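Visitor: Please pick one part of this model and look at it closely. I would like to see how it is built into its surroundings.

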Amino acid sequence: MSLIVKICGLSTRETLDVALDSGADMVGFVFFPPSPRHIELPAMSELVEVARGRAEIVVLTVNADDQMLDQIVRQVRPDWLQLHGTESAEAVAAFRQAFGVRVMKALPIAARGDLGRIPRYAAVADRILFDARAPKEATRPGGLGAVFDWHLLENLDLAVPFMVSGGLHAGNVAEAVRVTGAGGVDVSSGVERASGIKDPEMIRAFIRAARATEELMVR
Ligand SMILES: O=C(O)c1ccccc1NCC(=O)[C@H](O)[C@H](O)COP(=O)(O)O
């Protein structure tokens, strides 16, 4: 069975090419100005056209309003919107219907209590992405290279596919897949040599390591 591998926070042609040539299934672009990976829509659109048809295109936003999402969808035409803020399940359902784009909802995980809201979101999103909960003082809700306790997701049975993220890198991705049984993995910081600066060799190594876990997948 194949694992979905997403490389997030791409912002240069060189590193996008490396991700595509190495076989990434999804490539993510961040539209969130406080992020070191933020990319304006005209530049994003140019990169997206390079990726279209070769990998699924994901645009990540944080609590974006209807107007912003409408602009992103019209200008960039992504395959997916990744909602990485505190969007409600009702908002996820409404965006999905309004924009005709698949929606991946990121849910922050730190403790067992965070699992309670999962079914609400699984009922309306096309995919769930689990990420580490950002500390209160963080300037962004993700892309921090922080790991959560993967055992919290053990034996999770969801109606929709899910992916795991948060502090993944070539050295721990196999264990994350083994423990969570996730159908996909998502990485940003773990393939960077400095904040916001992707490293070609780290991207290659991550995708190689992720592919090597596929033999562990039984579902
Ligand atoms: O990348 C960012 O700067 C970012 C900003 C705001 C919300 C989410 C953000 N990133 C999320 C991701 O890149 C991934 O979906 C995931 O959280 C993995 O991040 P990392 O722990 O850096 O591998």
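Guide: The part chosen is strand β6, followed by its neighbours, the ligand and some outer elements.

The model is predicted, so local features need pLDDT of at least 70 and side-chain atom pairs count only at pLDDT 80 or more, while totals for chains, interfaces and linings use all residues. Residues are numbered from 1 along each chain as its sequence is written, and side-chain values use heavy atoms, with hydrogens and water left out.

An unreviewed UniProt entry annotates residues 5–208 as "domain: N-(5'phosphoribosyl) anthranilate isomerase (PRAI)"; such annotations may be inferred rather than shown by experiment. That span is 31% helix and 22% strand, and its end C-alpha atoms lie 10 Å apart. Helices (H or I, at least four residues) and strands (E, at least two) are DSSP runs, numbered from the N terminus.

The frame around β6 is a closed barrel of eight strands in the order β1-β2-β3-β4-β5-β6-β7-β8, with parallel pairing. From one strand to the next the twist averages 25°, where axes are lines fitted to C-alpha atoms, for helices over the stretch in contact, and angles run from 0 to 180 degrees between N-to-C directions. Two strands count as paired if DSSP finds at least two bridges between them.

Strand β6 covers residues 127–132 and runs parallel to β5 (residues 102–109), to which six bridges join it. Within this pairing, Phe130 is the bridge partner of Leu107. β6 is also joined to β7 (residues 162–165), again parallel, by three bridges. There Phe130 stands opposite Val164.

Is β6 buried or exposed? Six of its six residues are buried, so the strand is largely enclosed by the rest of the structure. Buried means under 20% relative accessible area, exposed over 50%, and partly exposed in between (1.4 Å probe, protein chains only). In a regular strand the side chains alternate between the two faces of the sheet. In β6, Arg127, Leu129 and Asp131 point one way, and Ile128, Phe130 and Ala132 point the other way.

Following the barrel onward, β7 pairs with β8 in the parallel sense over three bridges, and Val164 stands opposite Val185 of β8. Strand β8 (residues 184–187) is buried too: Gly184 and Asp186 point one way, Val185 and Val187 the other. Four bridges then pair β8 with β1, also in the parallel sense, with Lys6 opposite Asp186.

Asp131 of β6 and Asp186 of β8 come up again at the ligand. The ligand is surrounded by 26 residues, of which Ser35, Arg37, Asp131, Asp186 and Ser189 are the closest; a residue is counted if one of its heavy atoms lies within 4 Å of the molecule. Several distances to oxygen atoms of the ligand can be given. Ser35 has a polar side-chain atom 2.6 Å from one, an N or O atom in the side chain of Gln82 is 3.0 Å from one, and a backbone N or O atom of Gly167 is 2.9 Å from one.

The loop between β1 (4–7) and α1 holds Ser11, and Thr12 is found there as well. Ser11 is partly exposed, at a relative accessible area of 29%, and so is Thr12, at 35%. Leaving aside neighbours within four places in sequence, Ser11 is in contact (heavy atoms within 4.5 Å) with Arg37, Ile39, Leu47 and Gly196. The side chain of Thr12 makes a polar contact with that of Thr15 at 2.6 Å. A polar contact is a pair of N or O atoms within 3.5 Å; within protein, one must be able to donate a hydrogen and the other to accept it, and residues adjacent in sequence count only if both atoms are side-chain atoms.

Leu47 belongs to helix α2 (residues 41–51), whose buried residues are Leu41, Met44, Ser45, Leu47, Val48, Val50 and Ala51. These buried residues pack against α1 (13–21), β2 (26–30), β3 and α3. After α2 comes Gly53, with a positive phi near 90°. Helix α3 (residues 66–76) lies across β3 (56–61) and β4 (80–83), and runs at about 155° to β3.
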